[in-house]
Amino acid sequence: MPLQKLTCVLLVDDDQTTNYLNQLLINRLEITDKLLIALNGQEALDLVQAHCHEATPDCPALILLDVKMPVMDGFQFLEAYDKLPLPEKAAIIIVMLTTSLHPQDVDRVRRLNIGGFLNKPLTKEKLNDVLKNHFNRHLPE
Amino acid sequence: MSSTPLPPAAELARANEELRHQLEEAHDLIHAIRTGAVDALAVQGTEGPRIFTLQGADQGYRTLIEQMNEGALLLSDDGTVLYCNACLAGLLQCDLSEVMGRAFADFVPPAFRDYWAGLLLKGWESKSKGELPLQTRGGALVPFSVSMNVLSFNETATLAVIVTDLSAQREITAIRAQVEEQNALLDRKNEELKREETARLAGERAAAEASRLLEGISQIAWTVDPSGANTYRNRRWYDYIGVAPGEGPSIGRAWRERLHPDDAPATLARWNESLRTGAPFEVECRIRNADGDYRWMLGRAQPSRNAQGEVLQWIGTYTDIHEHKLALERIDQGQRELLNYNEQLTRVNVDLDNFIYTASHDLKAPISNIEGLLDALLTELPAETVAREPVQPILHLMQDSVNRFKRTIELLTDVSKLQKEHGLPTEPVDLAAVVRDVRLDLEPLLQSTGAQLEVDVAAAPAVMFSEKNLRSVVFNLLSNALKYRAPGRQPQVHLRARPEGAGVVLEVQDNGLGLDAASEQKLFGMFQRFHDHVEGSGIGLYMVKKMVENAGGRISVSTNLGIGTTFSVLFNR
């Protein structure tokens, strides 16, 4: 049974190579037809504000969020996102992508009200876990 | 008379003249009595009253009696007043006429009548003296002394009495008492003055004694009185300020004028406090010398007290501590610099730790990208290309390099985690139990190498350490002893522990490869590897050293190339 695709996925990372590889992976696994890329928290926030006040096809169902970024990092994005008056916030799943975290950052991430966090690099298995846990669907065997 | 022959006429004329003279005298007497100028003596005789005059007494004597300041009277044998002078009448506040001819006992208060009778009795025998009160006309009793003796007038005995008013004497007595009291007071004052003088002399002697002693000592010395006014300065002071005693204005010789402006307020405040409370004075301050340079002095002063505990004077000294103080300051400065260096080093260490963490963290992203790109490339390349020479070995070596890179980053991450553990809480850990666990973990290696491991840790008390780290230390040392075994002989490893001082010493001795002296120096460095035939990260001993030292311990090694190596770890308890 082919996967029921997500309406839209947003990648937030300042590393173009990471974005390229993740885009390659997501496209190969055919998780979504609509992949958006933001290079920092501010760009991501602009995208969310532009597309999510009403339920549009461009409002991401899944946001994969890097921690360390210039302009606005992952934590700052989450703070600003929390204050946005969006009607369907529950429909937006945010997963943080981290490298090895500083112990105090691990604590910080754990206390956040987000879908979860994954250690980089992103793999097929990790994506499948996200689909299973948050979208009740999985990649074809 | 007719029978007697008539005397001759001349004799008759002389007798006549004498009689006429007597008549004139009698006339004068009667006149004097009438005018009160001369006292008459009225004596009640058997044939009626008789008038006695002061026959034979001259005018001067009578005047004396009349004008003297004592009462005088004559008493008849029955106690009647024959005569009294005006003074007595005045003392009794009566008229002369009221006293004369009266029984004198009327003036004696009843309680003294017997006494009076006794005095009279004795007086008639010869003389008597006594004291008694007499009643005046007003009824008041006045103290008198009486003295009496018998006088004879024309063969009639009378008792002459002199009466002296004692009230004045009583007053005199009272005054005398006052005078005596005053005198006693004066005596006491004198006594006190004498004592004070003695005390002052003692004080002066003490001061002189102090001065003599102080003159000889090597410090600056001085004395002041309890108010703080200077009483003495020794020669050292005058040498120091370059002024002779008594030279120039006195203010210029005072220490307070020579205090360093920065020290003056605190020093003077403390000195005034000591003067007020009597507490010993001690201060370090700078005082200007003859050249105008300030030198550090240790000032001290103690109060000297008398037996009553009052401050007699203050004895003080100034000791030159300039060099000492400067040396201390240099030491202080040195210590401050050391502290600064320490802080800098600590900062550098923290920076390095952070650098290792950041580097390991930041290198992770690109290496996983490279790995990801390599994977992507593999999926993009046609399978036959991938399998072809030299693509296949290139890809293999690339993957190998990526793996080594990743492992190094992992190790760096471990090291940086260890840095963060600095100050990790320690607990008493049972060394024997840890060694048992590690031995189990290493059992496959022990088996494959045929090594003989002897453990003797029974004598060791518990070690204060983090259990995880202790396990890591024991594991590293034991696995090293096995890994770097000498080919051609059975590995023999001794693990011993014993208490030493307040800590525990753990020794791991092997008969392995050993190291030369040059390598020994670098043994504990990061990423140091000495044997390429054995798999190793070059990080194990660095980690062991770090863990031991983080917990306040020490690690040392003694090694002989080709013979073996012994590691000694001292754990502080």
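**Exercise 1. Backbone at Val71(A) and Gln93(B)**

Val71(A) sits in the loop between β3 (62–66) and α3 (74–83) of chain A. (Helices, H or I of at least four residues, and strands, E of at least two, are DSSP runs numbered from the N terminus.) The model is predicted: local features need pLDDT of at least 70, side-chain atom pairs count only at pLDDT 80 or more, and totals for chains, interfaces and linings use all residues. Residues are numbered from 1 along each chain as its sequence is written, chains are lettered from A and ligands numbered from 1 in the order written, and side-chain values use heavy atoms, without hydrogens and water.

Task: state the phi of Val71(A), then that of Gln93(B).

Solution.
- Step 1. Phi of Val71(A) is positive, about 65°, although the residue is not a glycine.
- Step 2. Val71(A) is exposed, at 67% relative accessible area. (Buried is under 20%, exposed is over 50%, partly exposed is in between; 1.4 Å probe, protein chains only.)
- Step 3. Gln93(B), also not a glycine, has a positive phi near 60°.
- Step 4. The loop between α3 (86–91) and α4 (96–99) of chain B holds Gln93(B).
- Step 5. Gln93(B) is partly exposed, at 47% relative accessibility.

**Exercise 2. Cis peptide bonds before proline**

Task: which residue precedes Pro121(A) across a cis peptide bond, and which precedes Pro390(B)?

Solution.
- Step 1. In chain A, Lys120(A) is joined to Pro121(A) by the cis bond, with omega about 0°.
- Step 2. Pro121(A) falls in the loop between β5 (116–119) and α5 (124–135) of chain A.
- Step 3. In chain B, the cis bond runs from Glu389(B) to Pro390(B), with omega near 0°.
- Step 4. Pro390(B) occupies the loop between α10 (383–386) and α11 (391–420) of chain B.

**Exercise 3. Cysteines**

Task: how many disulfides are there over all chains?

Solution.
- Step 1. Recall the chemistry: a disulfide is a covalent bond between the sulfur atoms of two cysteines.
- Step 2. Apply the cut-off: a pair of cysteine sulfur atoms within 2.5 Å. The count is one disulfide over all chains.
- Step 3. Cys52(A) and Cys59(A) form the link, with S to S at 2.2 Å.
- Step 4. Cys52(A) is buried at 4% relative accessibility. Cys59(A) is buried too, at 14% relative accessible area.
- Step 5. The link of Cys52(A) and Cys59(A) is right-handed, with 105° about the S-S bond.
- Step 6. Cys84(B) is in no disulfide; its nearest cysteine sulfur belongs to Cys94(B), 9.0 Å away. Cys84(B) is buried, at 1% relative accessible area.
- Step 7. Cys285(B) is buried as well, at 0% relative accessibility.

**Exercise 4. Helix α1 of chain A**

Task: at what angle do α1(A) and α9(B) pack?

Solution.
- Step 1. Helix α1(A) and helix α9 (residues 322–380) of chain B pack at about 40°, with axes 10 Å apart. (Axes are lines fitted to C-alpha atoms, for helices over the stretch in contact; angles run from 0 to 180 degrees between N-to-C directions.)
- Step 2. The crossing of α1(A) and α9(B) is left-handed, meaning that the near helix is turned anticlockwise from the far one by less than a right angle; right-handed is clockwise.
- Step 3. From α1(A), Thr17(A), Thr18(A), Tyr20(A), Leu21(A) and Leu24(A) meet Asn369(B), Gly372(B), Leu373(B) and Ala376(B) of α9(B). (Contact means heavy atoms within 4.5 Å.)
- Step 4. Asn22(A) also belongs to α1 (residues 16–29) of chain A. Asn22(A) is buried, with 7% relative accessible area.
- Step 5. Leaving out residues up to four places away in sequence, Asn22(A) touches Leu11(A), Leu97(A) and Leu122(A).

**Exercise 5. Ser128(B)**

Task: is Ser128(B) buried or exposed?

Solution.
- Step 1. Place Ser128(B) in strand β5 (residues 127–135) of chain B.
- Step 2. Ser128(B) is buried, at 6% relative accessible area.
- Step 3. Beyond neighbours within four places in sequence, its contacts are Leu119(B), Lys122(B), Gly123(B), Val146(B), Ser147(B) and Met148(B).
- Step 4. Ser519(B) is 391 residues from Ser128(B) along the chain, and their C-alpha atoms are separated by 142 Å.

**Exercise 6. Annotated spans of chain B**

Task: what is the helix and strand content of residues 172–199 and of residues 281–333 of chain B?

Solution.
- Step 1. An unreviewed UniProt entry annotates residues 172–199 of chain B as "coiled-coil region". (UniProt positions use the numbering given here, feature names are shortened, and annotations may be inferred rather than shown by experiment.)
- Step 2. Residues 172–199 of chain B are 100% helix and 0% strand, with end C-alpha atoms 39 Å apart.
- Step 3. UniProt (unreviewed entry) puts "domain: PAC" at residues 281–333 of chain B.
- Step 4. Residues 281–333 of chain B are 23% helix and 57% strand, with end C-alpha atoms 28 Å apart.
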